[in-house]
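Reader: Could you walk me through how to read the packing and pairing in a model like this?
Author: Sure, let's start with the picture.

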Amino acid sequence: MRQAGRSLPEYREIRANVAMLESCRRPELVAEITLQPVRRHGVDAAILFSDIVVPVAAAGVDLDIVPGTGPVVAEPVRDRADVERIRPITVEDVSYVDEAVRLLVAELGETPLIGFAGAPFTLASYLVEGGPSRTHAKTKALMYGDPELWHALCGRLAEVTLAFLRVQIAAGVSAVQLFDSWAGALSEADYRRYVQPHSAMVLAGLADAGVPRIHFGVGTAELLTAMGEAGADVVGVDWRTPLDVATKRIGPDRAVQGNLDPCVLFAPWPVVEAEVRRILDEGRAAPGHVFNLGHGVLPETDPDVLTRVVALVHEVSARPVD
């Protein structure tokens with residue numbers, strides 16, 4: 001997961017006194033933070049250090065990432081004029097991301113770099129709520145009460161997200177991940193009506209880009225079939241659903257990503273090992289499996305445990321050499 005670095009002391013040191021949005025806008029800093037988990041843990045790919053609101057801020061939305069809270073929007077979306085103020089973005093608007101990716105590709109060599117962006121629903125939720133929300137009440141009120149405005153907002157955000165991912169692909173990322181962190185707040189019917197078309201627009205817009213597309217959400221057990229239909233090559237699964245069960249819902253033609261519970265990393269090592277082996281076994285039901293956590297790394301996690309998990313996954317999943 002993209003937060004792998006935040007459990008590292010070297011991450012906390014380099015981020016000291018640098019605001020989150022500012023850290024996402026410094027190419028050399030982005031490159032260093034992205035590389036830290038690769039150096040420390042020996043993972044098979046790097047994940048671009050960024051935040052889901054980076055392209056939204058570049059599109060003209062006045063927001064900040066407040067420590068301990070998350071993204072906070074100065075003027076939440078309420079009407080069509082608010083939507084119209086979200087302008088399209090170009091590579092010049094996020095030139096720092098373009099530069100960071102190019103730095104990383106040169107530094108990583110054969111190690112792939114995974115690009116990253118937030119999905120339209122999760123971005124829309126932040127913009128409507130004005131910040132994080134447990135109930136998404138304002139989001140749903142707009143969604144149900146003014147579907148036309150809702151689809152205009154998500155359509156605009158889909159365009160911004162697609163442009164943001166295309167910048168990363170042009171700069172050299174090997175795969176991209178679309179994060180829909182809050183989609184699990186919806187029923188399947190609402191997801192299909194209000195969310196899936198916009199995620200599908202982003203994923204379809206990358207169909208000719210020549211890189212794998214990963215789609216991930218939290219609490220999405222009942223949405224996995226619909227998320228698979230949105231068009232990704234890989235569907236991320238949180239820890240609540242066994243991967244063999246998830247594969248039946250997603251379909252036999254898509255790989256899965258996941259899905260160790262991040263809290264398992266605080267258990268004694270024999271428990272961690274047993275869980276890793278279980279997940280690897282369940283993942284064999286899918287045509288492909290990217291081992292990962294079922295959500296982000298918690299900051300209090302012992303980095304040495306993560307390193308041991310990576311080594312164990314490599315050991316168990318190693319393929320014989322002809």
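Author: First, a definition for handedness: a crossing is left-handed if the near helix is turned anticlockwise from the far one by less than a right angle, and right-handed if clockwise. Helices here are DSSP runs of H or I with at least four residues, strands are runs of E with at least two, and both are numbered from the N terminus. This is a predicted model, where local features need pLDDT of at least 70, side-chain atom pairs count only at pLDDT 80 or more, and totals for chains, interfaces and linings use all residues. Residues are numbered from 1 along each chain as its sequence is written, and side-chain values use heavy atoms, with hydrogens and water left out.

Reader: Which hand does the crossing of α3 and α6 have?
Author: That crossing is right-handed.

Reader: And how are two packed helices described?
Author: By the angle between their axes and the distance between the axes. Axes are lines fitted to C-alpha atoms, for helices over the stretch in contact, and angles run from 0 to 180 degrees between N-to-C directions. Helix α3 (residues 27-41) packs on helix α6 (residues 95-108) at about 40°, with the axes 8 Å apart. That makes α3 oblique to α6; angles under 35 degrees count as roughly parallel, over 145 as roughly antiparallel, 65 to 115 as roughly perpendicular and the rest as oblique.

Reader: Which residues make the contact of α3 with α6?
Author: Contact means heavy atoms within 4.5 Å. From α3 come P27, E28, V30, A31, T34, L35 and V38, and from α6 come Y96, E99, A100, L103, L104, E107 and L108. By class that's ten nonpolar, one polar and three charged. Ala, Val, Leu, Ile, Met, Phe, Trp, Tyr, Cys and Pro count as nonpolar, Asp, Glu, Lys and Arg as charged, and the others, Gly among them, as polar.

Reader: At what angle do α6 and α9 pack?
Author: About 35°, with their axes 8 Å apart, and the crossing is right-handed. Here V97, D98, V101, R102 and V105 of α6 meet F164, V167, Q168, A170 and A171 of α9. The contact has seven nonpolar, one polar and two charged residues.

Reader: How far apart are the axes of α9 and α10?
Author: They are 9 Å apart, and α9 packs with α10 (residues 188-205) at an angle of about 25°. That makes α9 roughly parallel to α10. The contact residues include W150, H151 and L162 of α9 and Y194, H198 and M201 of α10, and the full set divides into nine nonpolar, five polar and three charged.

Reader: Now the sheet. What is the strand order?
Author: Strands pair if DSSP finds at least two bridges between them. The order in this open sheet of seven strands is β1-β4-β5-β6-β7-β8-β9, with parallel pairing. β1 (46-47) and β9 (289-293) stand at the edges with a single partner strand each, so one side of each lacks a neighbour in the sheet. Within the sheet, three bridges join β7 (residues 234-236) to β8 (residues 255-260), and V234 stands opposite A255. As for helices, α9 (residues 147-171) lies across β4 (113-118) and β5 (175-180), at about 165° to β4.

Reader: What about backbone oddities?
Author: Most residues other than glycine have a negative phi, and most peptide bonds are trans. In this model, a cis peptide bond joins G258 and N259, with omega about 0°, and N259 is in strand β8. N17 has a positive phi, near 65°, and sits in the loop between α1 (9-15) and α2 (20-24).
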